[in-house]
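The exercises below concern cysteines and strands, and each one is followed by a solution worked in steps. Please look at the sequence and the structure before reading on.

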Amino acid sequence: LIELLRNSVPNLHISVHTNGLLIPNKLDVFNSYDSCTLSLNSFEASVYQKMHGIKTLPDVKFIIQNAKIPVKFSCILTDDNIA
C-alpha cells in the first residue's frame, strides 16, 4: 500500500499511528513511512493492559535507537493513567 501510494500521489506524507508492539519485527516497513506517532499511555503493564487490552509494552528504547523517521509520542489521559 505504501509503495502504491508513493507511486500514485506525488508529495504525499505517509504517517503511521501505532502502539509500537510490531515495530521490532517489521522495522523495514516501519522505516518506510515518513513519520510515526506512538501511543504510549503508561509504562506500567497493569495500566497499559487496562487501556490497550494487553500487558506487553512497546520497546521504546529499541524504537528510538532504530527509527530512521521522526517519532512523536501521544498519550490519552484517563482515570486509569492520570496518576
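**Exercise 1.** How many disulfides does the count come to?

*Solution.* The model is a predicted one, and the rule to apply is that two cysteine sulfur atoms must lie within 2.5 Å of each other. By this rule the count comes to zero disulfides. For cysteine 36, the nearest cysteine sulfur is that of cysteine 75, 15 Å away, and cysteine 36 is in no disulfide. Taken from the other end, the closest cysteine sulfur to that of cysteine 75 belongs to cysteine 36, and the 15 Å between them is too far for a bond.

**Exercise 2.** Determine whether cysteine 36 and cysteine 75 are buried, partly exposed or exposed.

*Solution.* Buried requires a relative accessible area under 20%; cysteine 36 has a value of 2% and is therefore buried. Cysteine 75, at 43% relative accessibility, counts as partly exposed.

**Exercise 3.** Describe the surroundings of strand E2, starting from its two faces.

*Solution.* In a regular strand, side chains alternate between the two faces of the sheet. In E2, Ser35, Thr37 and Ser39 lie on one side, with Cys36 and Leu38 on the other, and all of these are buried, which leaves both faces covered. As for its neighbours, E2 pairs with strand E1 (residues 15-18) in the parallel sense over four bridges, and within this pairing cysteine 36 is the bridge partner of valine 16. E2 is also joined by four bridges to strand E3 (residues 71-74), again running parallel, with threonine 37 standing opposite lysine 72 in E3.

Conventions: Residues are numbered from 1 along each chain as its sequence is written. This is a predicted model: local features need pLDDT of at least 70, side-chain atom pairs count only at pLDDT 80 or more; totals for chains, interfaces and linings use all residues. Side-chain values use heavy atoms; hydrogens and water are left out. Buried means under 20% relative accessible area, exposed over 50%, partly exposed in between (1.4 Å probe, protein chains only). Two strands pair if DSSP finds at least two bridges between them.
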